[in-house]
Amino acid sequence: MVPLATWIVLPRLPASGSLPQTPHNPGSIYPPSEIPFRRQSPGPSIEIPPRISHVQIVDLDGDSKPEILACDALAHRLVSYRRGNGGKWSEHPIQARMAAPSHATVVDIEGDGDLDILVAILGNAFPDDSHVGRILLLERNGDRYDRHVLLDGTRRIADIQAGDLDGDGDLDLAVAEFGYARGRVLWLENIGQRRFRDHQLLHAPGTINVPLADLDGDGDLDIAANVSQDDEEIWAFENQGEGRFRKRLLHKWLNFDIGGSGMITSDLDNDGDVDLLVTVGDNLEYAYTYPQPYHGCFWFENTGDWSFAVHRISSLGGAHAASVADLDGDGDNDVVLVSMFNAWYRDGTASLVWLENDGHQQFTHQQIASSPTHLVTVATGDINGDRQPDIVAGGWHVIPPFRRLGGVTTWINGNRK
């Protein structure tokens, strides 16, 4: 998921039309993947630089065949891609008015047995503190979706997650109001009939993600938050029952330019608790978006009692999103990373890599692709029914060079273990 709101200076190319190459910014290139991947483009050919803000692999209609659901912030729409016989893809836009969707959460919000879609609306993909954000519920009704506005008059919304946060049996919402210079972390209490009461947990601009997980192992859902604007911080909100939360600062980056870009939850080391994976690599605040030596991916290992040991597991330039899957079928968790800000003027710089886990959380980089570039969102799952995790990613092309374009792209896993 991409916040796309940290811009202070918009980049301009030098008169020569290309960025200078320096030995300090060579870009990240890794050995080729030992697993073969077959690249496909589900959508039509790309002519206008796309802005895909979120992708996921999900069975929307319950037919046991997964689709790809993508947020297209340029075309202001959600679209699903279905893979038919012979591997041919078809595109199916979801009919609902929206402005610059940032993230879609697929969940049965009403408990009626089908999957609805919660949509986080930026309203404006670019820096903006006006009240253009909102939360949409697309309620599934047979073959169509009925559109409802659950929260309006907010600043730009980057993420929504659903779970029973107050223990009353229905689904509440955690919300990242990114804004620009102003923003909040909220939880929305479900009071029935598609009505929600909002509660502020944190007042801070730039919240990207608000994943839900039982971080302390006490049986209820806590909220994590990745804040990336004025301060670069990782927060948690400990669920104390009955709608009460205790605010905890888990980590504060000393480098205010580190460029927080994403966060997911995963039990990376398979020890039974929930860890965090944090990517850093957003440098839209710079005139020239070089990969930086401090970019990459960090594993926040849950060591209990709200303590996390921080391990840097990747130095991928411009790292922007992560996904976890056992790509090589050896029983441990590997990590997939995408880059938005590698050195794209140098051919061969990595846009998609996987980190092979040796079973002891020591990782080896393997490069899957250098094209398309400017990837900001990634998901893993079995797309073709062979019980192996495949990869889907989305490109957000707003920074030159506008070559090696790609909107939604898949990589089919050819592992034969």
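Which strand holds glutamate 177? In this predicted model, glutamate 177 is found in strand β11, which covers residues 172-177.

**Glutamate 177**

The relative accessible area of glutamate 177 is 1%. Because buried means under 20%, glutamate 177 counts as buried. Its side chain has polar partners of two kinds. One is a backbone atom: the nitrogen of arginine 155 lies 2.7 Å from a polar atom of the glutamate 177 side chain. The other is a side chain, that of arginine 184, which is joined to the side chain of glutamate 177 by a polar contact of 2.5 Å. When residues up to four places away in sequence are not counted, glutamate 177 touches Thr154, Arg155, Arg156, Ile157, Gly183, Arg184 and Ala204. Arg155 and Arg184 are thus listed among the residues it touches.

**Serine 351**

Serine 351 sits in a loop, between β24 (334-339) and β25 (352-357). Is serine 351 buried or exposed? Serine 351 is buried, and its relative accessible area is 0%. A polar atom of its side chain lies 3.4 Å from the backbone nitrogen of serine 371, and the backbone oxygen of proline 372 lies 2.8 Å from a polar atom of that side chain. With neighbours within four places in sequence left aside, the contacts of serine 351 include Leu337, Val338 and Ser339. Trp344 is also in contact with serine 351, as are Ala369, Ser370, Ser371, Pro372, Thr373 and Leu375.

The table sets out the polar partners of the two side chains.

| Side chain | Partner | Distance |
|---|---|---|
| Glutamate 177 | Backbone nitrogen of arginine 155 | 2.7 Å |
| Glutamate 177 | Side chain of arginine 184 | 2.5 Å |
| Serine 351 | Backbone nitrogen of serine 371 | 3.4 Å |
| Serine 351 | Backbone oxygen of proline 372 | 2.8 Å |

**The sheet β19 to β22**

An open sheet is formed by four strands in the order β19-β20-β21-β22, with antiparallel pairing. The edges are held by β19 (260-266) and β22 (307-314); each has a single partner strand, so one side of each has no neighbour in the sheet. On average, neighbouring strands of this sheet are turned by 20° against each other, direction ignored. In general, strands of a sheet pair through backbone hydrogen bonds. Between β19 and β20 (residues 275-280), which run antiparallel, there are six bridges. In one of them, serine 266 has aspartate 275 in β20 as its bridge partner.

**Aromatic rings**

How many aromatic pairs does the structure hold? It holds three aromatic pairs. Trp253, Phe298 and Phe300 are linked into a cluster by ring pairs.

Definitions and conventions. Residues are numbered from 1 along each chain as its sequence is written. This is a predicted model: local features need pLDDT of at least 70, side-chain atom pairs count only at pLDDT 80 or more; totals for chains, interfaces and linings use all residues. Side-chain values use heavy atoms; hydrogens and water are left out. Helices (H or I, at least four residues) and strands (E, at least two) are DSSP runs, numbered from the N terminus. Buried means under 20% relative accessible area, exposed over 50%, partly exposed in between (1.4 Å probe, protein chains only). A polar contact is a pair of N or O atoms within 3.5 Å; within protein, one must be able to donate a hydrogen and the other to accept it, and residues adjacent in sequence count only if both atoms are side-chain atoms. Contact means heavy atoms within 4.5 Å. Two strands pair if DSSP finds at least two bridges between them. Axes are lines fitted to C-alpha atoms, for helices over the stretch in contact, and angles run from 0 to 180 degrees between N-to-C directions. Rings of Phe, Tyr and Trp (its six-membered ring) pair if their centres lie within 6.5 Å; planes under 30 degrees apart count as stacked, over 60 as edge-to-face and the rest as tilted.
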